[in-house]
Amino acid sequence: MEGNPMRRWSLAGQMLVLQLLVVAVTAAGGALLALLQAHELLQEEAGATATAVAVSVAASPDVLEALDERDPTARLQPYAQRARAATGVDFITIMKPDGTRYTHPNEAEIGKRFLGHIEPALRGETFTETYTGTLGASKRAVTPVMAGGRVRALVSAGITIDRISARLRDQLAWGGLIVALALGLGAAGTWLVTARLRRQTHGLGPVELGRIHAHHDAVLHAVREGLLLVGQDGTLTLCNDAARLLLGLPADAEGRHVRELGLEAVLAADEERIHLVGDRVLAVNSAASRLGTVVTVRDHTELQALTGQLDAERGFAESLRSAAHEAANRLHTVITLVELGRTEQAVALGTAELRAAQELTDRVVGAVREPVLAALLLGKSAEAAERGAELVISQDSELDDLGLDARELVTIVGNLIDNAIDAATRVEVHLSGGAGQVLIRVSDNGPGPAGEDVFDKGWTTKGDGRGLGLALVGQAVRRLRGTIEVEGSAFTVRLPRP
């Protein structure tokens, strides 16, 4: 940068200089072209005027009559002078066929030979030429005076180059004024454009702008969070790679309306909300700015999975707490019976409780040999009992460990059971694995959903802040390439066996 001062200038300054140079070169080129065209036009105009005057004089009867007199000059010289003054040419020379002058603006030149070419005129032709004579260089025309089919005399009329140049200088002065005016207007327009460009670029030079763009591009495409900028009219003006991946946007998403891209629901919230897009759980946050709405998108899929696993573990712990609490109550009852001397009743109560717990465990473990699901069902049974509901495993349930993702199974079965316990007092679970698929059915004695799309995020009958469980169920089923059906209060999930 030290070796090139122009690189230290702002982009607006460089644009000003370049545009002024362009305007100046354009104006100078236009002026030069106009000057050349004007010179050519003046030459052509002078030749046409000289030709018209020469032909008119040659056709005059007075000229033919004067040629028959003893001293033609006495009559032709005044006539030529009057015609010259009337037509505005610089000279009218009438001469013999051999070139001897009858007339001339300078009477001292009368009788001398004409300086110029006369051969075409002697052949009966009218022609023009530029020639340097006694009055200097001139644009002249020469034509014959015909009588009886022969050349009786020659007439030459002309305008000097000095006079043509004087007219050209007058036009050049006006042209210079116009060029100066054009330069002034061009400079003013360029300054206005440059001032606006300076405001938009904040006075930065091309190097700084290039560096900022490189940094912007690197950061925009390197961050793992999705970033979108939506204009005031709803047009997506900026979208980085992470946002395209998380939201499943096409490569030509920028410049299209969010309605076309199906993002209206995702971008509608003014605060951070959880949205389900495809098989992803996304945290979307939007904030208004002077350029529009800035939207950030974070992938919470793994976090949500870990949260679900933590919820399952918490459920297990809560179930153990419930069981321990219930066991403590029953143990306290047994001890009290022993202290009261009612040993037989104490033994019968303890044996019955042990038998009931063992039967539940045997029934669950015997029907479901997938250890994570078996543990989940035992925990949910205790939780249902504590909440005043009954969880029943159907008699024909039988499910081996088929190698399905345990976390997905916990998400599906756990959320369906939770949803049923919240809505009913009796919940029945059926699990089986045959005919190439895994069948999961959870039904209850409640009213069931009212026909809405229950697997959309936000559907709930339990108030604000709920409605994510069934949406997670739908996502988990899609990830396992299965299907889910709702009939009344029964949810049926079919998953292909690995």
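Visitor: At roughly what angle do the axes of helix H12 and helix H13 cross?
Guide: This is a predicted model, where local features need pLDDT of at least 70, side-chain atom pairs count only at pLDDT 80 or more, and totals for chains, interfaces and linings use all residues. Residues are numbered from 1 along each chain as its sequence is written, and side-chain values use heavy atoms, leaving out hydrogens and water. Helices (H or I, at least four residues) and strands (E, at least two) are DSSP runs numbered from the N terminus, and axes are lines fitted to C-alpha atoms, for helices over the stretch in contact, with angles from 0 to 180 degrees between N-to-C directions. The axes of H12 (residues 371–386) and H13 (residues 406–423) come within 10 Å, and they cross at roughly 20 degrees.

Visitor: So is H12 roughly parallel or roughly antiparallel to H13?
Guide: Angles under 35 degrees count as roughly parallel, over 145 as roughly antiparallel, 65 to 115 as roughly perpendicular and the rest as oblique. With the axes crossing at roughly 20 degrees, H12 is therefore roughly parallel to H13.

Visitor: Which strands are at the edges of the open sheet?
Guide: Two strands pair if DSSP finds at least two bridges between them. This open sheet has 4 strands in the order E1-E4-E3-E2, with antiparallel pairing. Pairing on one side only, the edge strands are E1 (91–95) and E2 (127–133).

Visitor: What stands opposite Phe127 in E3?
Guide: E2 pairs with E3 (residues 136–147) in the antiparallel sense, over 7 bridges. Facing Phe127, in E3, is Val142.
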